[in-house]
Each structure stands twice: as C-alpha cells, then as structure tokens.
Amino acid sequence: MSEENASCGTIVTAPTCGSCGVMPAVLYHLYKAHQFSERKILRALATAGLFGNVVKANASISGAEVGCQGEVGVACAMASAAACQLFGGTPSQIEYAAEMGLEHHLGMTCDPVCGLVQIPCIERNAFAACRALDAQLYANFSDGRHHISFDKVVRVMKQTGHDLPSLYKETSEGGLAHDFDR
Ligand code: SF4
C-alpha cells in the first residue's frame, strides 16, 4: 500500500496517505494467516475507524500539525485495536492496545527525505504493523486494566505535536530529511 501511495496509485487513507500501509498489513496478515472471516475483519476495521476518529476529533492525524506520531502512531493505534478485537479482546483490552500503539510513538517527528512519502515512511509503516501485533498480544495477556487511558495519550500527543518545532513536521527541513541533504 505504501509503495502504491508513493507511485500515485489509489489507496485508502487510513488514517493518512503516508501511514496507509499499517492497517492493510495487519488485517491482511490476520485474514490470511489466521483465517478470520471477512465479517470479523470488517468489524475490526470499524473499531479501528472509531479510534482514528477519536484522534481526529480531539487532536490531529496530520503530520504537518503534530508530526509522524499523528500519522504512523495513530495508524498503529488503529491496527492494535483491530487486532486485539479479532483475538477476542474485551473493550478494556482493545482500548489498552490502542493506547500502547499510540503511546510508543509519542514524539515521533516527520522527516521525509526529499519531501517524499517514501523514506523513512514505508519502513515506518512496516515497523508500526509489527508493533500493533505486539500491542494486541500484550493487551490480550493482561486483564485490560492500565494506568494511562487512550484519551490521555491523545491529549499528550496533541500537546507534544504543538511543542515540536516546525522543522520536524511535514514537509520537514530537519531531522533525517535535513541530514540526507548534506
Ligand atoms: S514521516 Fe512524515 S510523511 Fe512520512 S509517514 Fe510520517 S508523517 Fe507522513
């Protein structure tokens, strides 16, 4: 999906173009490797959409506004929630999985090399997909109780994004993108 996006093909923005690879990677893997039915996959997709919309309503999913934590971080939270639901997670476990998916991307900057959504974006999508599977595993091993809520992480993500200097947001002139030009 990320390569399709980079070559100007048709993709679903879930939640954004740059982070469109995470959800399909996780759901396709679970569909193929664990034989979940299409109905279950669609229900998980709906759950992921709810989490994405919570972030969109209460913070931002724009790399230009809050950096990559709002793109790949949110994609990871969505995929974590979807995967957790597929493996039978309770609402608390699903929310915990989403919280971990976003929490561990807090502060992640947007620094696309040459302003293109390829490097580091494509690898970043793949890593976030793996992280989502880990988050669901962790949440499903727990009883769902946790100290930091998803809503709290969303608030912190918004504040962190606003505190980030603009050169670490899309289209970046700092970080990896800047270093690559030297
Ligand atoms: S690094 Fe920037 S352009 Fe690439 S996925 Fe993250 S927010 Fe989008």
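**Helices α6 and α7 in a predicted model**

Q: In this predicted model, why is Leu137 called partly exposed?
A: The relative accessible area of Leu137 is 42%. Buried means under 20% and exposed means over 50%, so a value in between is called partly exposed. Leu137 lies in helix α7, and its C-alpha atom is separated by 8.3 Å from that of Ala97, 40 residues apart along the chain.

Q: What makes α6 oblique to α7?
A: The axes of α6 (residues 91-103) and α7 (residues 121-141) cross at roughly 140° and come within 8 Å. Angles over 145 degrees count as roughly antiparallel and 65 to 115 as roughly perpendicular, so an angle outside these ranges and not under 35 is oblique. That makes α6 oblique to α7. The crossing is right-handed.

Q: Which residues make the contact of α6 and α7?
A: From α6 they are Gln93, Tyr96, Ala97, Met100 and Gly101, and from α7 they are Ala135, Gln136, Tyr138, Ala139 and Asn140. These divide into 6 nonpolar, 4 polar and no charged residues.

Q: How do you know that the span of α6 agrees with its number of residues?
A: At 1.5 Å a residue, the 13 residues of α6 should span 18 Å. The end C-alpha atoms of α6 are 18 Å apart, which agrees.

Q: Why is α6 described as largely enclosed by the rest of the structure?
A: Buried means under 20% relative accessible area. In α6, 10 of the 13 residues are buried, so the helix is largely enclosed. Among them are Ile94, Tyr96, Ala97 and Leu102. What covers the buried residues includes α3 (38-58), α5 (72-86), α7 and α8 (150-163).

Terms used:
Residues are numbered from 1 along each chain as its sequence is written. This is a predicted model: local features need pLDDT of at least 70, side-chain atom pairs count only at pLDDT 80 or more; totals for chains, interfaces and linings use all residues. Side-chain values use heavy atoms; hydrogens and water are left out. Axes are lines fitted to C-alpha atoms, for helices over the stretch in contact, and angles run from 0 to 180 degrees between N-to-C directions. Helices (H or I, at least four residues) and strands (E, at least two) are DSSP runs, numbered from the N terminus. A crossing is left-handed if the near helix is turned anticlockwise from the far one by less than a right angle, and right-handed if clockwise. Contact means heavy atoms within 4.5 Å. Ala, Val, Leu, Ile, Met, Phe, Trp, Tyr, Cys and Pro count as nonpolar, Asp, Glu, Lys and Arg as charged, and the others, Gly among them, as polar. The expected span of a helix is 1.5 Å times one less than its number of residues. Buried means under 20% relative accessible area, exposed over 50%, partly exposed in between (1.4 Å probe, protein chains only).
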